[in-house]
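Here's a quick briefing for anyone meeting this structure for the first time. Have a look at the sequence and the model, then read on.

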Amino acid sequence: MFNVDVMANMIQGAIGEYMATTVITKKVDLETYSSELVDIIGKAAKGMTE
């Protein structure tokens with residue numbers, strides 16, 4: 001199992017890093033980045049509970 005607070009902090013940190021890094025912001029918009037990030041984390045979390 002995983003700690004929800006740690007997972008949420010990781011997602012927030014990744015979004016903050018996106019905003020600070022111009023290389024990725026030129027390729028992917030924030031909405032797409034956030035959606036993909038949550039999807040990746042969700043799949044990882046689901047795999048941990050199976």
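What is the mean pLDDT of the protein, and what share of its residues reach 70 or more? This is a predicted model, and its mean pLDDT comes out at 85, with 94% of the residues at 70 or more. As for the fold, you're looking at three helices and zero strands.

**Confidence by region**
- Helix 1 is where confidence peaks, at a mean of 87.
- Helix 3, which covers residues 30–49, has the lowest confidence, at a mean of 85.

**Overall layout**
- Follow the chain from start to end and the pattern reads α-α-α.
- Along the principal axes, the C-alpha atoms fit in a box of roughly 35 × 15 × 15 Å.

**Surface and burial**
- The protein has 50 residues, and 16% of them are buried.
- About 4000 Å² of the protein is exposed, and 60% of that comes from carbon and sulfur atoms.

**Charges**
- There are 4 positive and 7 negative charges in the protein.
- Take the mean position of each set, and the two points sit 8 Å apart.

**A closer look at V6**
- V6 belongs to helix 1, which spans residues 4–20.
- Is V6 buried or exposed? V6 counts as exposed because its relative accessible area is 56%, and the cut-off for exposed is over 50%.
- Between V6 and G42 there's a gap of 36 residues in sequence, while their C-alpha atoms are 13 Å apart in space.

Key
Residues numbered from 1 in each chain as written. Predicted model: local features only at pLDDT ≥ 70, side-chain atom pairs only at ≥ 80, totals over all residues. Heavy atoms only, no water. Helix = DSSP H or I, 4+ residues; strand = E, 2+ residues; numbered from the N terminus. Buried < 20%, exposed > 50% of the residue type's maximum accessible area, 1.4 Å probe, protein only. Areas by Shrake-Rupley, 256 points an atom, 1.4 Å probe, with all protein chains shown as cover. Lys, Arg positive; Asp, Glu negative; His and termini not counted. Charge placed at Lys NZ, Arg CZ, Asp CG, Glu CD. pLDDT = per-residue confidence, 0-100.
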